[in-house]
Amino acid sequence: MSDHSINEIQDEIIDEFAILGDDKESTVFYIMELGSNLEPLDDKYKVDSNLIKGCQSKVWLDAELVNDRLVLNADSNTDITKGLISLLIRVLSGQRLDDIINADLYFIEKIGMHNVIGSQRSNGLASMIKQIRLYAIAYKTKIQSQS
Amino acid sequence: MESNSIKTYTGIEKFNPSVIREHFPILNQEVNGKPLIYFDNAATTQKPDVVINAISDYYLNYNANIHRGIHSLAEKATEAYENSRRKAKDYINASSTDEVIFTYGTTDGINLAASSLSKAILNEGDEVIISAMEHHSNIVPWQMVCEERNAVLKIAPISESGELIYEEYLKLLSEKVKIVSIVHVSNSLGTINPVKRIIEDAHKVGAFVVIDGAQAAAHLDIDVKDLDCDLYAFSSHKMFGPTGVGILYGKRAVLDLMPPYRGGGEMIKEVTFKKTTYNDLPFKFEAGTPNIADVIGFGSAIGYIESIDIKSVLEYEQGLLRYGVSKLSEVEGLRFIGTAKDKVSVISFIIDNIHPFDIGMMLDAGGVAVRTGHHCTQPLMDYFNIEGTVRASLSIYNTREEIDILAEKLKAIVKIKSK
């Protein structure tokens, strides 16, 4: 489980991207490298119910509740999208449901992600975040109805 | 009609890309801090300043609706509009301006052809042939009319190199075939189809032939009389002209068979609530106020191509293509998709273990614009069993130095990925 808060991790990422400076080529290369390093998702999770489909890239996102934390596993057919996912996983996976639901994900704007990935991919990123929040809300509702 | 203040280019005797580049103001910029390298010409070409100036000249000096007005501006606008039609007629060697219909682009032209021609001649059980390398724009309109008229759509297969398997095409031809609609040059592969022969063989069984010329018009010398095609559709924006304009050429006898496609102003002779009679060609197919400014810009684009001589363009692009193929062959794991003997300057490829989308994004970050994905030819991608390709499509303002940069960047991407 994550020892660091969502905001602590966001600040780390902002610092890392600051080193890359304004050079878009190195930023995109870095995101792709992050993507290459993301553990591939087991095929059993690559099912349609976990699929978020964009124009050119597919994303599979699975979320499970471990103790009171949401654990995220995800994959994509493109490395850049995997890189973006890996950042979201780093920030949100292993966090408490309420923290995820209420998170202000300021790192995306701070690292200039919109400029790097363009508006279409930004929409894709937004729908991934939305999906993660929906998982958190769904688990919270389930817990409340059980108690 | 171009006012005297507008620059025209004449007398470029020897083809010189650095002179050509000066005609395209947009190329002189940086993207993401790197000089722009524009390799997405099959999607749309850039526009020379003569075209941009012709459009702004129209809006600045003689904007008026055409054909019906009696005042001087309307007269001037009509003359400029019809002058573009004459230029287009000469460009494709049509017999008369009556055979040159302005559309909104190739897709619009094919929809007009499919909808109207099928009403005239396509009946239940008849067959329409297209090829396996068609753009969605030359698939979907025919699926729609075949469904509507209970006709059958047949697909002429292609080979691994991305060429039509001619014997298989011949086998499909029979008395049942009423229409053959085929792409002149494939947008995804660059393959140049042997359309003259395709047309000749289709005519032997009495079929009409529609040619999708979207990718051919800027790269080949089009002669509709020599080809003997019945209908030929192409777009302005892929040949240095503005978007939103195209041409549907049709033989007069074929266009006369075809009922109007859209109803409205301009396409009528007389309207009563009981019965409307239609205008003569080409106006029968041009309902409503057309895209006047862009038609005028298109005329200017044709003038531009003629000023630099299409034959020297062809030669230059073929040289670029050969150079590009040889440079990109140096990239580890790169495989070309579309290796036809006759090709225009389109280089489509994939690289082992790297998604085309990743390649496109990384090239863009370095200022290089390519296209990635299925290029609106999903059935073709299915045939090659790939999700998509990276496509670098070259034009007259591209250079060998730009190709060197592309090759270098691809090598760097492969290196990072293999780390």
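In this predicted model, a hairpin of four residues links β11(B) to β12(B). That hairpin belongs to a chain with 14 helices and 17 strands. The points below cover the hairpin, the overall form of chain B, its two domains, its C-terminal segment and the contact with chain A.

**The β11–β12 hairpin of chain B**
- Strand β11 of chain B spans residues 268-271, strand β12 of chain B spans residues 276-278, and the two run antiparallel.
- Three bridges join these two strands.
- B:Glu270 has B:Thr277 as its bridge partner in β12(B).

**Overall form of chain B**
- Chain B has a radius of gyration of 22 Å, which agrees with the value near 22 Å that a compact globule of 419 residues would have.
- Along the principal axes, the C-alpha atoms of chain B fill a box of roughly 75 × 55 × 35 Å.
- Buried residues make up 51% of the 419 residues of chain B.
- Among contacts in chain B with a separation of 6 or more, 72% are between residues 24 or more positions apart.

**Domains of chain B**
- The domain assignment splits chain B into domain 1 (17-41 + 309-417) and domain 2 (54-306).
- The centres of domain 1 and domain 2 of chain B, taken over C-alpha atoms, are separated by 28 Å.
- The contact between them takes 22 residues from domain 1 and 22 residues from domain 2.
- On the side of domain 1 of chain B that touches domain 2, the elements giving two or more residues are α11 (310-328), β14 (346-351), α13 (378-384) and β17 (389-393).
- Of these elements, α11(B) gives the most to that side, with four residues.
- By class, that side of domain 1 has 10 nonpolar, seven polar and five charged residues.

**The segment after α14 of chain B**
- B:Ser418 lies in the segment that follows α14 (400-417) of chain B.
- B:Ser418 counts as exposed because 12 other C-beta atoms lie within 10 Å, and the cut-off for exposed is 12 or fewer.
- B:Ser418 is 294 residues from B:Glu124 in sequence, and their C-alpha atoms are 56 Å apart in space.

**Contact between chains A and B**
- Chain A and chain B each enter the contact, with 14 residues from chain A and 14 residues from chain B.
- On the side of chain A that touches chain B, α2 (24-37) and α3 (79-92) of chain A are the elements that give two or more residues.
- The most comes from α2(A), which gives seven residues to that side.
- That side of chain A divides into four nonpolar, five polar and five charged residues.

Conventions. Residues are numbered from 1 along each chain as its sequence is written. Chains are lettered from A and ligands numbered from 1 in the order in which they are written. This is a predicted model: local features need pLDDT of at least 70, side-chain atom pairs count only at pLDDT 80 or more; totals for chains, interfaces and linings use all residues. Two residues are in contact if their C-beta atoms, placed from the backbone, lie within 7 Å. Ala, Val, Leu, Ile, Met, Phe, Trp, Tyr, Cys and Pro count as nonpolar, Asp, Glu, Lys and Arg as charged, and the others, Gly among them, as polar. Two strands pair if DSSP finds at least two bridges between them. The radius of gyration is taken over C-alpha atoms; the globule rule is 2.2 Å times the number of residues to the power 0.38. A residue is buried if 20 or more other C-beta atoms lie within 10 Å of its own, exposed if 12 or fewer, and partly exposed in between; C-beta atoms are placed from the backbone. Domain bounds come from an automatic or database domain assignment.
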